[in-house]
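Open the structure in your viewer and keep the selection tool at hand. The tour goes from one selection to the next and says what is there.

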Amino acid sequence: MSRFDRWMEESARSMARRTSRRGVLGSLGALLVGVGALPLLPVARGAEKPAKPGKSDADHQDATQDETRCDYWRHCAIDGYLCGCCGGSASACPPGTVQSPVTWVGTCHNPADGIDYVISYNDCCGKSSCGRCLCNRNERDMPLYVPFRSNDYDWCTGSSVANIPYHCSTARVLARAT
Amino acid sequence: MHGRPDHIARKSPAHPRRWLPVVGLTLLMGTPALAYEPRINYMLQCLGCHGPDGRGEPGRVPSIRSTLVPLSRFAAGRRYLLQVPGVALSTLSDQDLAALLDWMIPAFGGVEPGQFRAFTTAEVARYRRQPLVEISATRARLMRRLQARQ
């Protein structure tokens with residue numbers, strides 16, 4: 001037997017005498033857990049910068065630009081399906097529907113420029129409910145007994161041009177609220 | 001069954017002197033500033049039904065283009081304009097309401113700002129708090145009166 005083979009045999013037997021299989025597995029597990037727990041130590045957390053409260057930059061960007069999101073700034077007092085998810089947009093009804101001329105009007109704050117705008121929430125009528133992107137936000141919404149300040153009404157009813165059923169809601173910018 | 005509680009703890013009445021600083025400060029502030037300019041208040045309070053041009057919706061929402069100016073020319077018409085529910089029950093202050101009507105008359109009635117009798121805050125305050133009970137009958141009577149004048 002060569003000298004190398006003898007050395008390997010002695011090394012293996014020596015290690016087998018000093019260690020056990022369970023011991024190896026236990027050490028390996030402790031190492032894995034220890035590495036995973038290292039960032040949780042107070043020293044590591046203390047070195048990090050404190051996180052900013054509120055939404056992340058990506059969320060902020062979406063809220064100001066994505067018309068299909070409920071937290072889009074113009075939807076601050078909308079109650080219904082977003083027309084942006086139904087083949088239309090926040091300003092236009094989907095094809096095959098008619099905009100109700102009677103509506104309710106409120107104001108929303110645009111975080112992008114820090115300005116309040118007058119928003120008209122016109123319902124789009126003439127097709128069955130869109131069923132996508134239901135959004136119900138109620139900033140400055142008033143109860144039903146204040147009809148011209150409540151978003152709970154279905155404006156497709158009572159209109160001669162755009163009769164029932166309700167399909168979705170738009171949020172058109174009318175002017176800067178000054 | 002829910003009923004009125006037998007014993008109601010009565011709070012001690014607030015001493016009038018405690019309110020003196022508040023009253024004084026309010027008086028010092030003088031006339032409150034307008035929340036929005038009349039054009040924006042029209043959008044927020046009226047446009048939803050009467051539309052951007054005041055034409056309303058035939059048969060459902062009355063147009064204010066042809067009626068606003070003639071109604072503002074006699075006492076009963078002015079009272080009606082201030083007592084109709086959309087005006088009287090709006091969330092606007094008396095001052096904002098007067099400014100809104102004085103903006104609407106030339107904007108939708110086709111008259112120059114100096115060619116009509118402007119509404120005052122006192123006039124608004126006096127009449128908007130007197131409820132209009134028979135709205136449709138009052139409107140019909142006033143419309144007949146306007147037609148008779150033409």
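Begin with the largest nonpolar core, which has 55 residues. The model is a predicted one. Select Val118(A) and Leu101(B), the residues with the most contacts inside this core. Then colour α7(B), the element that gives the most to the core, with 8 residues.

Stay on Leu101(B). Which residues does Leu101(B) touch, not counting residues up to four places away in sequence? Select Leu81(B) and Phe119(B) to see them.

Leu81(B) leads to the next stop, helix α5 of chain B, residues 75-83. Here Tyr80(B), Leu81(B) and Leu82(B) are buried. Show what lies over the buried residues of α5(B): the cover includes α4 (68-71), α6 (85-88), α7 (94-109), α8 (121-127) and α9 (135-149) of chain B.

Now show α7(B) together with α2(B). Two packed helices are described by the angle between their axes and the distance between the axes. For α2(B) and α7(B), the axes come within 9 Å and cross at roughly 95°. The crossing angle therefore makes α2(B) roughly perpendicular to α7(B). To see the contact, select Pro38(B), Arg39(B), Asn41(B) and Tyr42(B) on α2(B), then Asp96(B), Ala99(B), Leu100(B), Trp103(B) and Met104(B) on α7(B). By type, the residues of this contact are 6 nonpolar, 1 polar and 2 charged.

Next, bring both chains into view. How many residues does each chain give to the contact between them? Chain A gives 14 residues and chain B gives 16 residues. On the side of chain B that touches chain A, the elements giving two or more residues are α2 (38-45) and α3 (47-50) of chain B. Of the elements on that side, α2(B) gives the most, with 4 residues. This side of chain B is made up of 7 nonpolar, 6 polar and 3 charged residues.

Finish in chain A, at an open sheet of 3 strands in the order β3-β4-β8, with antiparallel pairing. Strands of a sheet pair through backbone hydrogen bonds, either parallel or antiparallel. Select β3 (104-110) and β8 (172-176) of chain A: they stand at the edges with a single partner strand each, so one side of each has no neighbour in the sheet. Neighbouring strands here are turned by 35° against each other on average, direction ignored. Add β4 of chain A, residues 115-121, which pairs with β8(A) in the antiparallel sense over 4 bridges. As a last selection, take Tyr117(A) and look across to Arg176(A) in β8(A), which stands opposite.

Definitions and conventions:
Residues numbered from 1 in each chain as written. Chains lettered and ligands numbered in written order. Predicted model: local features only at pLDDT ≥ 70, side-chain atom pairs only at ≥ 80, totals over all residues. Contact = placed C-beta atoms within 7 Å. Nonpolar A, V, L, I, M, F, W, Y, C, P; charged D, E, K, R; others polar. Pairing = 2+ DSSP bridges. Axes fitted to C-alpha atoms, helices over the stretch in contact; angles between N-to-C directions. Buried ≥ 20, exposed ≤ 12 C-beta atoms within 10 Å, placed from the backbone. Parallel < 35°, antiparallel > 145°, perpendicular 65-115°, else oblique. Core = buried A, V, L, I, M, F, W, Y, C linked by C-beta atoms within 7 Å.
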